[in-house]
Every structure is written in C-alpha cells, then in structure tokens.
Amino acid sequence: MKFVVLTDTHFVARSRRIYGLDPAERLAAAIACINRDHPDLAFVIITGDLAHWGEDTAYEHLADVLARLNAPPILMMGNHDRRDVFGRHFPGVIRDTDGFVQSTQVFDAATIITLDTLNEAAPNHEGLLCEHRLAYLEQALMSAPADRPLLLFQHHPPFDTGLRYMDTIRLANPDAELDVIARTRRPDYLFTGHLHRPIAGSWNGIPFHIQRALAHQVGFDLETEGHIPGSHEAPDYSHVTVSGGQIVIHQCSFTYAGPRFSLHDQAALNGAVG
Ligand SMILES: [Fe+2]
C-alpha cells in the first residue's frame with residue numbers, strides 16, 4: 001500500500017495570502033505532482049490545520065482545490081480548524097459517534113487510525129484527547145487486526161521536541177494516551193503534524209514521523225521562547241510505502257525546480273549541470 005502525507009495547509013479565503021504565501025497555490029502544486037507521479041495511492045492524508053482561521057470561505061476554497069486530487073483524501077482536524085464549519089463543507093467525512101473527526105480504516109496492508117486532537121476551548125492551541133476520544137482510541141486499538149501494521153495519525157504530538165514554544169502547545173495529556181496504548185496495543189508508527197518541521201524519532205518505543213507543513217514553516221531554533229520562529233523553507237509531502245510489515249517514508253520536495261542529473265555522468269560530475 002502506498003499513500004501520501006500532507007499537513008498544515010492553513011487555507012484562507014480565495015485570493016488571500018498568509019505570511020506572504022498562497023496556500024492554495026502550494027496545495028495545487030503538490031496535487032499536480034501527486035497526480036502525475038503517484039497514480040497508485042490508497043489515499044492522501046492531511047493531518048490537520050486544514051484552514052488557518054477556520055472560516056467558511058477557507059474550507060470552501062480547500063474543497064475546490066482538493067477536488068483536483070485523484071486519490072481519495074483523508075482529512076483531519078488541527079488546532080486552527082473549526083469542526084462544525086469544516087463539516088459544512090465536507091459532509092461526507094467520517095466522524096465518530098460523538099461527532100469527533102476520527103476514523104479507523106482497515107486496508108490489506110495496514111490499519112489507519114486518525115484521532116481528533118482539536119480542543120476549541122483551549123486559549124493557546126494545545127491539543128486534547130478527552131474521555132470520549134480516549135475511549136475511541138482504546139476501542140480502535142483493541143479491535144484493529146493483529147496481522148498487519150497499525151498506523152496512528154494525530155495532529156498534536158504527545159511529546160516535547162525542543163522547539164520551545166511548540167512544546168507548550170503539544171497534546172496536553174500524553175500520559176492518558178500512553179495509558180490507553182499500554183493496556184491495549186502499541187501502534188507500529190505515529191504520524192503527526194502541528195510543528196511545521198520534519199522531525200523523526202521514537203516515543204516510548206513507537207517510531208514517529210512529524211510531517212513538514214505545506215504552508216509556512218517553523219525554523220530550526222531550539223532556543224527561542226515566547227513566540228514561534230517562522231521561515232519559508234521549502235515544503236514537502238511524504239510518500240509512504242507499507243509492504244510486508246515494512247514502512248518506508250520518502251520526503252518529496254515538490255517545489256524544487258533546480259537541475260536533475262545522473263551522478264554517473266562525467267560532465268555533470270565536473271560541474272555541467274542545469
Ligand atoms: Fe499548523
């Protein structure tokens with residue numbers, strides 16, 4: 001099974017920009033690459049912060065651009081999203097019985113669980129898994145087929161990464177999530193967004209991948225406190241292959257427009273590139 005991970009599209013109303021960027025232009029460029037280069041995807045997942053201010057016009061615009069995508073999308077909530085506004089424009093998206101945008105989808109190669117960590121009552125954008133959502137996770141982990149990998153997706157990471165401001169707005173209750181995992185089943189991989197930087201590692205033995213944002217980025221800065229240092233580093237999406245229990249993740253710089261050459265080409269070796 002192959003799929004693509006995108007995150008933090010931060011859509012705004014048509015013709016608006018954010019931090020000098022047009023998120024729609026970015027997503028359209030990513031979709032053009034994905035449609036052209038990866039015709040065999042099971043899905044494309046966007047792990048939250050679909051819209052920046054969560055207004056109707058932003059989701060309407062997102063729906064228009066996403067309509068160009070050939071693969072089926074899986075959409076998730078981030079701290080900038082507004083669940084009810086989102087629902088008006090994406091009425092077909094799976095919700096759990098409590099109305100949270102969470103789903104469990106069993107594919108031949110893997111089970112995909114998506115969690116909704118949006119806490120609209122939080123004044124600071126931190127995430128939350130309330131009792132309802134923890135119960136959903138528990139049931140999903142217990143009922144997932146044991147014979148294939150289990151991939152868990154959530155917007156907010158449940159751990160610190162050293163990005164000091166971002167650490168203050170991660171998932172607020174990681175111990176509660178860990179308790180559920182400890183008494184049910186450990187996911188084989190955890191994917192998150194939120195940090196707007198590419199970060200990998202492991203959390204309590206669970207390997208994780210934090211996807212770089214599609215829109216504005218967060219700088220690699222482990223010192224700054226009190227605000228989030230932004231940057232315009234190039235975005236990417238990740239192409240994931242799950243096969244025979246093996247998980248391989250490639251990051252694809254879809255805005256790269258520089259030279260491409262063979263490393264075996266003597267002329268290129270001597271500088272004749274581009
Ligand atoms: Fe974001």
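**A guided tour of the predicted chain**

Begin with the whole chain in cartoon view: its secondary structure comes to 7 helices and 13 strands (DSSP runs numbered from the N terminus, H or I of at least four residues for helices and E of at least two for strands). The radius of gyration is 19 Å, close to the 19 Å that the globule rule gives for 274 residues, so the chain is as compact as a globular protein of that length; this radius is taken over C-alpha atoms, and the rule is 2.2 Å times the number of residues to the power 0.38. This is a predicted model, in which local features need pLDDT of at least 70 and side-chain atom pairs count only at pLDDT 80 or more, while totals for chains, interfaces and linings use all residues. Residues are numbered from 1 along each chain as its sequence is written.

Keep the whole chain selected for a moment. The C-alpha trace spans about 60 × 45 × 40 Å along its principal axes. Buried residues make up 39% of the 274 residues; a residue is buried if 20 or more other C-beta atoms lie within 10 Å of its own, exposed if 12 or fewer, and partly exposed in between, with C-beta atoms placed from the backbone.

**Strand 6 and its neighbours**

Select residues 150–154, which form strand 6; 5 of its 5 residues are buried. Leu-150, Leu-152 and Gln-154 lie on one side, Leu-151 and Phe-153 on the other, and both faces are covered. In a regular strand the side chains alternate between the two faces of the sheet.

Next, add residues 111–114. This is strand 5, which pairs with strand 6 in the parallel sense over 4 bridges (two strands pair if DSSP finds at least two bridges between them). To follow the connection, select helix 4 (residues 131–143): the chain crosses from strand 5 through this helix to strand 6, and the β-α-β crossover is right-handed. That term applies if, with the strands pointing away from the viewer, the path from the first strand over the helix to the second runs clockwise.

Then add residues 189–192, strand 7, which runs parallel to strand 6 and is joined to it by 4 bridges. Here Thr-192 is the bridge partner of Gln-154.

**Thr-114**

Select Thr-114, which is found in strand 5. Is this residue buried or exposed? Thr-114 is buried, with 25 other C-beta atoms within 10 Å. Its bridge partner in strand 6 is Phe-153. Leaving aside residues up to four places away in sequence, Thr-114 touches Ile-74, Met-76, Gln-102, Ser-103 and Phe-153 (contact requires C-beta atoms, placed from the backbone, within 7 Å). For a distance label, choose Val-273: the two residues are 159 apart in sequence and 43 Å apart in space, C-alpha to C-alpha.

**Helix 2**

Move to residues 56–66, helix 2, where Ala-58, Tyr-59, His-61, Leu-62 and Leu-66 are buried. Look down the helix axis: these buried residues fall within an arc of 160 degrees, so they line one face of the helix (the arc is that of the directions from the helix axis to the C-beta atoms). Show helix 1 (23–37), strand 3 (73–75) and helix 3 (83–89) to see what they pack against.

**Strands 1, 12 and 13**

Finally, select residues 2–6 and 237–243; strand 1 and strand 12 pair in the antiparallel sense over 4 bridges. Val-5 has Ser-238 as its bridge partner in strand 12. Add residues 246–252, strand 13, which is antiparallel to strand 12 and joined to it by 7 bridges. His-239 stands opposite His-250 in strand 13. Strands 12 and 13 form a hairpin with 2 residues between them, and Gly-244 in the turn has a positive phi of about 60 degrees.

Technical notes:
Contact = placed C-beta atoms within 7 Å.
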